[in-house]
Amino acid sequence: MALLPQILHSPLPHPRLAAAASPSRAFPGAPRLHASGPRGGRGRVRLAAAAGASGSGPGPSSPEPYPPESDDGLVELPLFPLPLVLFPDATHALHIFEFRYRIMMHTVLQTDLRFGIVFAGSGGSAAEVGCVGEVVKHERLADDRFFLICKGQQRFRVARVVRTKPYLVAAVQWLEDRPPAETPAPGEDAEALAADVEALMRDVIRIANRLNGKPEKEVGDLRRGFFPTPFSFYVGNTFEGAPREQQALLELEDTAARLRRERDTLRNTLNYLTAASAVKDAFPSSPSSG
């Protein structure tokens, strides 16, 4: 994170997200998990979602391709620093009201419908790795604010900043997961890791439901035919409330390494929930209490 902090150190108010329904609904019915583990966070962070984005504003009938690559293979992309992490194939609903980003959205909606989202924490610095968001639905309000829904596309790494006004534009290079250089050990290949992660997610959901007083029910198919790489992004998207851990997962360029880290985080979460469940069983609340 060496390029963008210098640009964003000056007061740059984060565009607020409309506080409404739950965000990140790229995967209908996806569980929302609290991550605990390396660089994880506790406490629920209410990211945002815009309610009422029922209308779809005018836009090109078919998006134009990305701007052509420069001689060094980089692509210019408008950037939107936000206190959230967008994963490929995940969706977020946003409320755009700050002037500079309204300008950006006018440009985006008239061109290829795509912009980059980079995680920016409370310190004002932004990550170098982000994800392209493509506008799939939008509503322009009378005062020129926007409600929009964007879907994650390619990941990218910022190579250099092109300009900072009226909004941030950077030259970026695309990121893809690399295949393993060596044959993985038994049980450590991406497919086996994905199966482990899904099993842990089932256990976490089951115990979390029990702690929350929800009725016991069978957890459905969480993977739904995803290959390991998109499944690893799906899992990272469920770690709500731990954006720095999500950012670390987004930056990895190795599917197995991402799944391995998610497995460790889920194990930690499961251990915590199991202990909490044992305490609850040992000291049940009195019916007359409260």
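Which residue stands opposite Phe-146 in β6? In this predicted model, the residue that faces Phe-146 of β6 is Arg-140. The two strands involved are β5, which covers residues 126-140, and β6, which covers residues 146-163; they run antiparallel and are joined by 10 bridges. Between β5 and β6 the chain forms a hairpin with five residues between the strands, and within this hairpin Asp-144 takes a positive phi near 75°.

On its other side in sequence, β5 is preceded by strand β4, which comprises residues 114-120, and β4 and β5 pair in the antiparallel sense over six bridges. Here Ala-120 stands opposite Ala-126, a residue of β5. The hairpin that β4 and β5 form likewise has five residues between its strands, and Gly-124, which lies in the turn, has a positive phi of about 95°. Strand β5 thus takes part in pairing with β4 and with β6. Of the 15 residues of β5, 11 are buried, so the strand is largely enclosed by the rest of the structure.

A further point of interest is Asp-177, which is found in the loop that lies between β7 (residues 169-175) and α3 (residues 190-211). The relative accessibility of Asp-177 is 17%, and because buried means under 20%, this residue counts as buried. Its side chain makes a polar contact with the side chain of Arg-155 at 2.6 Å, and the side chain of Asp-177 also makes a polar contact with that of Arg-258, at 2.8 Å. When neighbours within four places in sequence are left aside, the residues in contact with Asp-177 include Thr-229, Leu-252, Glu-253, Asp-254 and Thr-255, in addition to the two arginines, Arg-155 and Arg-258.

Asp-254, one of the residues in contact with Asp-177, caps the N-terminal end of helix α6, since one of its side-chain oxygens lies 2.9 Å from the backbone nitrogen of Ala-256. Helix α6 itself contains 28 residues, from 255 to 282, and at 1.5 Å a residue it should span 40 Å; the end C-alpha atoms are 40 Å apart, which agrees with that expectation.

An unreviewed UniProt entry lists residues 242-276 as a "coiled-coil region". In the model, this span is 89% helix and 0% strand, and the C-alpha atoms at its two ends lie 20 Å apart.

How values were computed
Residues are numbered from 1 along each chain as its sequence is written. This is a predicted model: local features need pLDDT of at least 70, side-chain atom pairs count only at pLDDT 80 or more; totals for chains, interfaces and linings use all residues. Side-chain values use heavy atoms; hydrogens and water are left out. Helices (H or I, at least four residues) and strands (E, at least two) are DSSP runs, numbered from the N terminus. Buried means under 20% relative accessible area, exposed over 50%, partly exposed in between (1.4 Å probe, protein chains only). A polar contact is a pair of N or O atoms within 3.5 Å; within protein, one must be able to donate a hydrogen and the other to accept it, and residues adjacent in sequence count only if both atoms are side-chain atoms. Contact means heavy atoms within 4.5 Å. UniProt positions are given in the numbering used here, feature names are shortened, and annotations may be inferred rather than shown by experiment. Two strands pair if DSSP finds at least two bridges between them. The expected span of a helix is 1.5 Å times one less than its number of residues.
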